[in-house]
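Good morning, and thank you for coming. Please look at the sequence and the structure on the screen while I go through a few parts of the chain.

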Amino acid sequence: MKNWKKGIALLTAVGIMAGMTTGCGGGSGSAGAGAAPAPGGGQTGENGGAGASDGQVVLRFAWWGGEERHNATLAAIEKYQELNPNVIIEPEYGGFDGYQQKLITQLSGNSAADIIQIDQPWLADINKQGELLMDLNTTDNIDLSQFDETFLKNCLEYDGKIVGLPTGMNTNVFLYNKDVLKDDRFGADKTLTWDELMEIGTEMHAQDPEFYLLNVEQTIVNLMLHSYLNQKTGEYIFNNNYERTFTEEQLRDGFQMVVDWIDNGVIEPAEVNGIYLNRWYENPKWIDGKLGICQVWLSSQSTATVDGSIDVGVMPMIREADGVGSGVMIRPSQVYGIPSSTKYPEEATKFLDWLVNDPEAAAILKDTRGVPASAAARKVLLDMEILSEENNRVVESAMEAGAMTIPNLPTGDMEQMWLDAIQEVEYKVASPEDKAKELVADFDELLQELKDSQ
């Protein structure tokens, strides 16, 4: 697995040179965008939910997010305390940076908050360390019937235990500039094939050399490549047995498609799009209407509008009529969990049920954690016209289409391995044939290492 690591220094140098010749991308990235500073109003003691002297139950609730999510969550807490005078909820909130490490340390030391917000990919490593999270199947306080059973099983079940609840649902979609792409090839009911995407992108770039149909950078190319392979195989890139699910030839064809995008002006050259890694929305061409479509997660829709300056529409993911898989991915926006160490499982589960299922809670929290995963909460937002029929249809269609879910397993350096390979293909440091052969070997080695470590 040494080969894939060799390209990092080279590509970093190439990226620096590209930045020097092309100019700065502007902004500081999205990781901390909108994040509040250190918690302002909540107590952050490590009391594990100790009871107050007057007999009230004290629950700690930890989450990350931006100011809008913080304010909505604090308002929900205030309402719950009003409805349940016997419960005090101590908020612990802030930005994303450092949250994961702090949470893992607290879980290992039995000092985590009573209700915690988790990113779904962390669950595999958390559960590997033992039964640190409560099995929500064991309580009658939570109405699990409001959640899609398959979605819960695929994303949040470990060894038959439901270890968390989704705060919302996120799926990959096309977000397009409605002011630029006005003809009838684009719209909420229009599904392009991979060939049509190539044809339209090539045609539009030929008409205007400054225009590129796709707004991408390496993480988005990676997401699209996974969708492409899923349509060939019907599975995610690996399965629950740590087995690769695609062939070298299928990966080669996917890499060749990316090269053809660059050669035909469907996407910008790597030297340009790489500047906006994880910041595609800051690309001046997106703002100026010289980029038409971005294939990202639905939760990025508000970000894609660039403070309301772009009229953004939603289109379904690319779909081949004869595809084995849908190419659609669906995952929890975030996850709510209850540590097994909580001293108040009864009150913690009651609060969690209210948070995800109660109409009053839904009206307060709105869509600050994505499209609600609870059917009851989604109905509230539809009635309030906060959730559009269009976006609700996209999410429900993703579930009906048999959307793929990422296996609940640790993935180690997998993402970086794929991103490095895509960079080499985009920069033409390696051919699609050579890179496919090399990545398959490295990927198999990594999967075996991960399997052996279990």
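Val173 stands opposite Val296 in β9. The strand β9, residues 291-297, runs antiparallel to β7 and is joined to β7 by 5 bridges. Two strands are said to pair if DSSP finds at least two bridges between them. Helices (H or I, at least four residues) and strands (E, at least two) are DSSP runs, numbered from the N terminus.

I should state at once what kind of model this is: it is predicted, local features need pLDDT of at least 70, side-chain atom pairs count only at pLDDT 80 or more, and totals for chains, interfaces and linings use all residues. Residues are numbered from 1 along each chain as its sequence is written, and side-chain values use heavy atoms, with hydrogens and water left out.

Let us stay with β7. A second antiparallel neighbour is β10, residues 312-315, with 4 bridges to β7; there, Phe174 has Met315 as its bridge partner. A third is β11, residues 330-332, also antiparallel, with 3 bridges to β7. In β11, Ile330 is the residue opposite Thr171.

Is β7 mostly covered or mostly open? The strand, residues 169-177, is mostly covered, with 9 of its 9 residues buried. Buried means under 20% relative accessible area, exposed means over 50%, and partly exposed lies in between (1.4 Å probe, protein chains only). Met169, Thr171, Val173, Leu175 and Asn177 point one way from β7, while Asn170, Asn172, Phe174 and Tyr176 point the other way, and all are buried.

Next, Asp119, which sits in the loop between β3 (115-118) and α4 (123-128). Why does Asp119 count as buried? Because its relative accessibility is 15%. Leaving aside residues up to four places away in sequence, Asp119 touches Trp64, Arg331 and Ser333, where contact means heavy atoms within 4.5 Å. With Arg331 there is also a polar contact between the two side chains, at 2.6 Å. A polar contact is a pair of N or O atoms within 3.5 Å; within protein, one must be able to donate a hydrogen and the other to accept it, and residues adjacent in sequence count only if both atoms are side-chain atoms.

I turn now to empty space. The structure holds 1 cavity of 30 Å³ or more, and the largest cavity contains about 170 Å³ of space. A cavity is a set of points, on a 1 Å grid over the protein atoms alone, where a 1.4 Å probe fits but cannot get out; lining residues have an atom within 4 Å of a point. Grid points are joined across faces, edges and corners, and a volume is the space filled by probe spheres set on the points. The lining of the largest cavity has 16 residues, and Thr167, Leu355, Leu365, Lys366 and Pro372 lie nearest its centre. Both α12 (345-357) and α13 (359-365) supply at least two residues each to this lining.

Lys366 deserves a further word. Lys366 lies in the loop between α13 and α14 (375-383), and has a positive phi of about 55 degrees although it is not a glycine. Most residues other than glycine have a negative phi. Lys366 counts as partly exposed because its relative accessibility is 38%.

Finally, the whole: the protein has 17 helices and 12 strands, and 54% of its 454 residues count as buried. Thank you.

Note on methods. 1 Å grid on protein atoms, 1.4 Å probe; cavity = no way out; pocket = protein on both sides within 12 Å on 5 of 7 lines; lining within 4 Å.
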